[in-house]
Each structure stands twice: as structure tokens, then as C-alpha cells.
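The following exercises concern one protein structure. Please study the sequence and the model, attempt each task, and then compare the result with the worked solution.

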Amino acid sequence: MAEVVQAGLWGLLAGSALLVGAALGFGLRVPQKVIATVMAFGAGVLLSAVSFELVGEAYDQAGLAPAAIGSLAGAVAYTAGNVWLARRGARHRKRSGQEPTQAQPSESEQGGSGTALALGALLDGVPESAVIGVSLLDGGAVSLVTVAAVFISNVPEGLSSSAGMRNAGRSKGYVFGVWGAIAAASTLSAVLGYTVIGAFSPAVIAAVTAVAAGAILAMIADTMIPEAFQDAHLAIGLITVSGFLVSFALSHA
């Protein structure tokens, strides 16, 4: 199978977890502590993948400067985009809406918030999927740890956010349309990560990998950890470390 097709399929697999989470979040009343627990575990998995699969790989390829500069650039870009979207109604896009002060706004409460939520989901998902495609450049084999980390983290993201969308009065068509589009975008991002970025030098590839890593780290700190802490604060450290160790074990298996 052509590697570009593999990149797309792996990206689709990781992105499909959003639809799995959306189905659970929209159709079931999942206890908030369960959502928080899975979110904390997913954060730990992503933290390990970012550390050993992304930043570590960028450092090995091109040294400290590209890895550090790329990571900072990714964090700055994500934060800037997140601030812009937060002012338009997407601040609590990963929240389930159980707390009134942290509920997603309905379209009648803030016009354009639905579009902002969709763009926010795209902002969160694209860097993760792009690095899946990039990982295929290293020997022609995808990083299963990266795919697993993205998949595991996407389930609670889709679950919590979809529950919040439902509570904000958004329709089933809107919810699954958003996550279906993000799954498709994940596929495209993985393909572009492989085809476009693969044409550049190792230093550029390393820098782009680090940019994605910085964006993912900023996303974890800004959205996943706060959501998990809301309802699992007494156990969040243990749960996050457990996720970190599972991912660490997979990357060294």
C-alpha cells in the first residue's frame, strides 16, 4: 500500500475517535467524573508522546535550536488562535456544560459561536494529525504510539465537547457534522504532513514536528487538564501519570 494512503488511513483512524466520543457524549449521560478521568489519562498519554515521539525526535534530527524554536512557535500560534476563538464563543469547547459558568453558548446567546466551536475543534485536531503523517517519513512506518495517543485523547474530547454542544441546544446533525468534518480534516492533515513536509530538509521537518508538539502541549494545558481537574482533581495527578507511563511503555516496547 502506498505510504501516502497509509498516512491518510492512520489519520482517519485517529480522527474517527472523535466520532466515537461524540456518539457517547450526545447519546448517553456519561458521568462527569468518568469524562474527567479519561481526559486526564488522555492528557498523560499525549504528554508522553509529545516528549519522546515529537520533541525528542525533533532534537535527534536537528538539535536543540529547531526543537525549542519550533515548540515555542507552535505554542504561540495555538495560543493566539485560541484567544481569538475564545472571544467568539469557543472558550469552553471541550466542556460538557455541567457547570453553568463554563457552558458553551448557544447561537442565540452568541452569534457565530457555532462556527467558532467548529474552528476550535479544527485548531485542536490538525497538529495531532499532521505529525502522524510526518512520522511515516522516518523509515516508512507510522508511529503507533502517536496514533494511539491521538486516538485515546480524541475520545474524551469528542465526548465532553459533544455533551456541551447538546446542552447548548445544538442539533445532532450539527454535532456529528462538526466531528465528521474534523475526522476528514485529520485524514487530509496526515496526508499533507507526509507529502508536503516530506519534501523539505531534515531540519525543516524537525522544526515542523516541534511546532506541532508545541501546539499540542499548549492545547493540553489550556483545555484538557482544566477539564479533567474540574471533576477529578484529587486523582488527576495519578491518572495523568498512569497515561504517561502507558504511552512511555508503548514507545519503548
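## Exercise 1: The largest cavity

By class, eight nonpolar, one polar and one charged residues make up the lining of the largest cavity. Here Ala, Val, Leu, Ile, Met, Phe, Trp, Tyr, Cys and Pro count as nonpolar, Asp, Glu, Lys and Arg as charged, and the others, Gly among them, as polar. The model is predicted: local features need pLDDT of at least 70, side-chain atom pairs count only at pLDDT 80 or more, and totals for chains, interfaces and linings use all residues. Residues are numbered from 1 along each chain as its sequence is written, and side-chain values use heavy atoms, with hydrogens and water left out.

Task: State which residues line the largest cavity and which helix supplies the largest share.

Solution:
1. A cavity is a set of points, on a 1 Å grid over the protein atoms alone, where a 1.4 Å probe fits but cannot get out; lining residues have an atom within 4 Å of a point.
2. The structure holds two cavities of 30 Å³ or more, and the volume of the largest is about 50 Å³, a volume being the space filled by probe spheres set on the points, which are joined across faces, edges and corners.
3. The lining consists of Leu46, Ala49, Val50, Leu54, Glu128, Val131, Thr146, Ala149, Val150 and Ile216.
4. At least two lining residues come from each of helix H2 (32–62), helix H4 (113–135) and helix H5 (144–167); helices are DSSP runs (H or I, at least four residues), numbered from the N terminus.
5. H2 supplies the largest share, four residues.

## Exercise 2: The nonpolar cores

Task: Identify the residues that touch the most other members of the largest nonpolar core, and the helix that gives the most to this core.

Solution:
1. A nonpolar core is a set of buried Ala, Val, Leu, Ile, Met, Phe, Trp, Tyr and Cys residues joined through side-chain atoms within 4.5 Å; buried means under 20% relative accessible area (1.4 Å probe, protein chains only).
2. Among the 23 residues of the largest core, Leu46, Leu54, Ile216, Ile220 and Met224 touch the most other members.
3. H2, H5, helix H7 (202–232) and helix H8 (236–251) each supply at least two residues of this core, and H7 gives the most, with nine residues.
4. A second, separate core has nine residues, including Leu18, Phe26, Met165 and Trp179.

Methods. On a 1 Å grid over the protein atoms alone, a cavity is a set of points where a 1.4 Å probe fits but cannot get out, and a pocket is an open set with protein on both sides within 12 Å along at least five of seven lines; lining residues have an atom within 4 Å of a point. Buried means under 20% relative accessible area, exposed over 50%, partly exposed in between (1.4 Å probe, protein chains only).
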